[in-house]
Amino acid sequence: MISTHPTEAGTPIQRANSLSGDVYDAIFAQLMTLKIPPGARITVDSLVKEFNVSQTPIREALGRLEGEGLVVKQHLIGFRAAPQITRRRFDELYEMRLLLEPHAARAAIAGLDPEKLALLGDAAGVMARREGKDDRARYSNFARQDAAFHDMILAFAGNELIRQTLTFQHTHFHIFRLMFHARVTEEALDEHEAILAAFAARDPDAAEKAMRVHIEHSRDRLIPAFD
């Protein structure tokens, strides 16, 4: 059974089998919603006080976030939130996504069966779109859902090199960290529904087009972050 333990700063950390996992979720949410802004120093002692836990789960969580490219560890300095991606890197990431992901959506059609389609439906986050009133929590949860949904499509497409390339860039997490806005979640969920509809119809042309539209709209939603 999971219980909630309120901390001194009012941030609840759920007590479960993996405390470091709960701490990871809490720090991840702060990074995604810009409570911890890009480039900001992350002090272990401050997080210990905020979450009312020992240093061990904090360091484990920060190590996991470092592996995902969201946290940078500097010798003799400590941890910092990864710097914000530049406009040039943003443009490069979306150029790469537009070259690879629409094709992957088309290719995934061939191997789809009811089980895989159900897995994609769960990963898309559409069914849970109105759960919870905390926009920050929903936003950080959707950042992971979106990454999982796109990764699953790449896996079903069958090209592991393309999948690994996009995973290595930590594309989704860096993109979601550009701007905290509920509109990003709601509009993306509508686009996920269109992709799922194309998959359900086993229509490769529609799947390719829906994915392209989704990525183009994602790009357009986030460009204002660089103004």
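**Figure 1. Thr185 is a buried residue in a predicted model.** Thr185 is buried, with a relative accessible area of 4%; residues count as buried when that value is under 20%. The model shown here, like every view that follows, is predicted. Thr185 belongs to helix H9. Which residues does Thr185 touch, not counting residues up to four places away in sequence? Tyr139 and Phe142 are the two to look for. Keep both names in mind, as they return in the next legend.

**Figure 2. Four aromatic residues, Tyr139, Phe142, Phe176 and Phe180, form a cluster linked by ring pairs.** The structure holds 7 aromatic pairs. A pair of aromatic rings is described by two things, the distance of the centres and the angle of the planes. To start with a pair outside this cluster, the ring centres of Phe90 and Tyr94 are 4.8 Å apart and the planes meet at 50 degrees, so this pair is tilted. Phe142 and Phe176, inside the cluster, make an edge-to-face pair, with 5.7 Å from centre to centre and 65 degrees between the planes. This second pair links distant parts of the chain, as Phe142 sits in helix H6 (residues 135–157) and Phe176 in helix H8 (residues 171–176), 34 residues apart. Are Phe142 and Phe176 buried or exposed? Both of them are buried.

**Figure 3. Phe90 and Tyr94 share one helix.** Both residues lie in helix H4 (residues 87–108). They are 4 residues apart, about one turn of the helix. An α-helix has 3.6 residues a turn, so residues three or four places apart point the same way. Phe90 and Tyr94 are both buried.

**Figure 4. Two arginines lie over aromatic rings.** Find Tyr24, then look over the face of its ring for Arg64, at 3.6 Å from the ring centre. Now move to Phe28, where Arg144 lies over the face of the ring at 4.7 Å from the centre.

**Figure 5. Ile27 sits in the largest nonpolar core.** This core has 66 residues. Which residues have the most contacts inside the core? They are Ile27 and Phe199. Leaving aside neighbours within four places in sequence, Ile27 is in contact with Ile36, Leu47, Phe51, Ala61, Leu62 and Leu65. Two of these partners, Leu47 and Phe51, come back in the view of helix H2.

**Figure 6. Helix H2 has its buried residues on one face.** The buried residues in H2 are Val44, Leu47, Glu50 and Phe51. Why can they be said to line one face of the helix? Seen down the axis of H2, the buried residues fall within an arc of 120 degrees, so they line one face. Follow the chain past the end of H2 and you come to Asn52, whose phi is positive, near 60 degrees.

**Figure 7. Asn52 and Arg202 are loop residues with positive phi.** Asn52 lies in the loop between helix H2 (44–51) and helix H3 (55–67). Its phi, near 60 degrees, is a positive value in a residue other than glycine. Asn52 is partly exposed, with a relative accessible area of 38%. For Arg202, look in the loop between helix H9 (182–200) and helix H10 (204–222). Phi of Arg202 is near 55 degrees, again a positive value in a residue other than glycine. Arg202 counts as partly exposed, at 35% relative accessibility.

**Figure 8. Ala225 lies in the segment after H10.** Ala225 is partly exposed, at 31% relative accessibility. Not counting residues up to four places away in sequence, Ala225 touches Leu178 and Met179. The C-alpha atoms of Ala225 and Arg87 are separated by 9.2 Å, while the two residues are 138 residues apart along the chain.

**Figure 9. The close-ups belong to a protein with 10 helices and 5 strands.** Stepping back, buried residues make up 44% of the 227 residues. Among contacts with a separation of 6 or more, 73% are between residues 24 or more positions apart. The accessible surface comes to about 11,700 Å², and 53% of this area belongs to carbon and sulfur atoms.

How values were computed:
Residues numbered from 1 in each chain as written. Predicted model: local features only at pLDDT ≥ 70, side-chain atom pairs only at ≥ 80, totals over all residues. Heavy atoms only, no water. Helix = DSSP H or I, 4+ residues; strand = E, 2+ residues; numbered from the N terminus. Buried < 20%, exposed > 50% of the residue type's maximum accessible area, 1.4 Å probe, protein only. Phe/Tyr/Trp six-rings, centres within 6.5 Å; stacked < 30°, edge-to-face > 60°. Lys NZ or Arg CZ within 6 Å of the ring centre and 35° of its normal. Contact = heavy atoms within 4.5 Å. Areas by Shrake-Rupley, 256 points an atom, 1.4 Å probe, with all protein chains shown as cover. Core = buried A, V, L, I, M, F, W, Y, C linked by side-chain atoms within 4.5 Å. Arc of directions from axis to C-beta.
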